[in-house]
Amino acid sequence: MLFIKSINTFGSYLMLMSRVLTKPESWKMFSRQFLRDIYQLGINSIPIVLLISFFIGAVICIQMKLNIESAWMPKFVVGYATREILILEFSSSMMCLILAGKVGSNITSEIGTMRVTQQIDAMEIMGVNSANFLILPKISALVGMIPILVIFSIAAGIVGAYAIGYVTQMMTAEDLTVGLQYEFHQWYIWCSVIKSLFFAFIIASVAAFYGYRVEGGSIEVGKASTDSVVSCSVLILFADIVLTQLLMQ
Amino acid sequence: MIEIKNIHKNFGTQTVLNDVSAVFDNGKTNLIIGQSGAGKTVLLKCIVGLLAPDKGKVLYDGRNVVTFGKKERLMLRREMGMLFQNAALFDSMSVLENVMFPLEMFSDKSYDEKLKRARFCLERVNMIEAQDKSPEELSGGMQKRAAIARAIALEPKYLFCDEPNSGLDPKTSLIIDELIHDITKEYNITTIVNTHDMNSVMGIGDHIIFLANGEISWEGNKEEILHTNSKQLNDFLFSSEILRRVASEKI
């Protein structure tokens, strides 16, 4: 039963995407929505991304220092491990999990409210492809903004690591710098960005799907928001395994 | 002109519409009345194409929408305007942007011409002063008027109104009714209004169909409705003692 329900849901998602991923009816209106969504989904997320990344960068640095410090380990290992964690997992996967909560619920509740207040019906009656008009700009905006958020997250995490090193005097900036530069592979940054592009698509499309098919009232909108965050998170974690395996081989 | 022929609609084992046929002429305000659950909204949704009837035809000037493909249906929808029960204005846009929306999406005119048309529509419904306000700043009646302006922006051939007076005081309801009626006459539109407001029935009902249990139980106009012998319709119209008294004195 659950399997059939999942297949049905996936089929509905694919049908919605077939309506979303078409040429916009009006490029002017698309670009207006796109810019609005860039601001709402991307620019508005920068403060939370910077804040969380700064503190997580600092915490990773403390944990590394406390847990792997030994006479056998060179001092730069703390910086090296901090960088690798930030680039390979935190700034792409964990940050996208956080964004699934913030941005995903925002998208679901916005589209869900439009559904229950008949705004989507109004568009359909006018002959507007409401799925394309509402969802495509959100997917494009989030996919376009996510690499910037990932880079900001990495940078803020590194700043957090320097800050905690300076404040607690647990390690010197020189040791941290050596660690951050040690065995640096540019490809890891690309991996992080590539993964985040997939995650951004998952967040925007799945959240919009849940919002678009809301039926009922405000309680259903709230339930759809919760469901969308859970689904986005599970899908991101699953995609993370697949993408990491493919990209890091 | 819109003609519906032998419309049937079931939801599971429940029959909501049973062999409904009617003709809605242009230049007339056509009302669909009936108790809650009589099938008014389902009928309107079948007419506008938001629901597909199980059987029957919906003819827009002879064109059967039921057999239309996706593209033809989209093209037809550009000839329609609709006023929803709760106005359904886009809350991320100002009043002017709401009226501009269909023009921006589908009109080939220059921006100045579109703006001129949008302002004309807002002036027509006496809403030009509120053009920069957002929908949540407007009263229910103003939202309905703005929604009418948006509905007529593309000069539709067909106008649909779902419970236009719902949630409005009697005076504002009259204003909305008169606006719908005047616009229908002015532009010779085929207008279908779904209502259970008695003021609308007596005021603007050029053609009225009464739905009961998914079937057309009575058909006529606002003059004929007061003299009907249909018990079902009389029970619906004069459900309160006051209305019965007023009606009998007027007759």
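In which kind of crossing, right-handed or left-handed, does H3(B) pass H5(B)? Keep that in mind as you open this predicted model; we will reach the answer at the last stop.

**Stop 1: chain A as a whole**

Start by selecting chain A and showing it as a cartoon. Its secondary structure comes to nine helices and zero strands. Follow the chain from the N terminus, and the elements read α-α-α-α-α-α-α-α-α. Taken along the principal axes, the box filled by the C-alpha atoms of chain A is roughly 70 × 45 × 35 Å.

**Stop 2: H6 and H8 of chain A**

Now select residues 130-168 of chain A, which form helix H6, and residues 186-212 of chain A, which form helix H8. The two pack at an angle of about 150°, and their axes are 8 Å apart. Turn the view until one helix lies in front of the other: H6(A) and H8(A) make a right-handed crossing.

Next, show side chains where they touch. On the H6(A) side, the contact residues include A:Ile135, A:Leu142, A:Val143 and A:Ile146. On the H8(A) side, look for A:Val193, A:Leu197, A:Ala200 and A:Phe201, among others. Try colouring the contact by residue class: you should find 19 nonpolar residues, four polar ones and one charged one.

**Stop 3: H6 and H7 of chain A**

Keep H6(A) on screen and add helix H7, residues 173-181 of chain A. What angle do H6(A) and H7(A) make? They pack at about 150°, with axes 9 Å apart. Because of that angle, H6(A) is roughly antiparallel to H7(A). The crossing of H6(A) past H7(A) is right-handed.

To see the contact, pick A:Ile158, A:Ala161 and A:Tyr162 from H6(A), then A:Ala173, A:Leu176, A:Thr177 and A:Leu180 from H7(A). By class, there are six nonpolar residues, one polar residue and no charged residues here.

**Stop 4: where chain A meets chain B**

Bring chain B into view and give it its own colour. Here, 20 residues of chain A are in contact with 24 residues of chain B. Between them the chains bury about 2,000 Å², of which 63% is on carbon and sulfur atoms.

How many salt bridges are found across the interface of chain A and chain B? There are four. For a close look at a salt bridge, select B:Arg77 and A:Glu124 and show their side chains as sticks. The N to O distance in this pair is 3.8 Å.

**Stop 5: H3 and H5 of chain B**

Finally, hide chain A and select residues 95-106 of chain B (helix H3) and residues 140-152 of chain B (helix H5). Their axes come within 7 Å and cross at roughly 25°. With such an angle, therefore, H3(B) is roughly parallel to H5(B). And here is the answer to the opening question: H3(B) passes H5(B) in a right-handed crossing.

Show the side chains once more. B:Val95, B:Asn98, B:Val99 and B:Pro102 of H3(B) meet B:Ala146, B:Ala149 and B:Arg150 of H5(B). This contact divides into five nonpolar residues, one polar and one charged.

Key. Residues numbered from 1 in each chain as written. Chains lettered and ligands numbered in written order. Predicted model: local features only at pLDDT ≥ 70, side-chain atom pairs only at ≥ 80, totals over all residues. Heavy atoms only, no water. Axes fitted to C-alpha atoms, helices over the stretch in contact; angles between N-to-C directions. Helix = DSSP H or I, 4+ residues; strand = E, 2+ residues; numbered from the N terminus. Parallel < 35°, antiparallel > 145°, perpendicular 65-115°, else oblique. Left-handed = near helix turned anticlockwise from the far one by under 90°. Contact = heavy atoms within 4.5 Å. Nonpolar A, V, L, I, M, F, W, Y, C, P; charged D, E, K, R; others polar. Buried area = accessible area lost by both parts, 1.4 Å probe.
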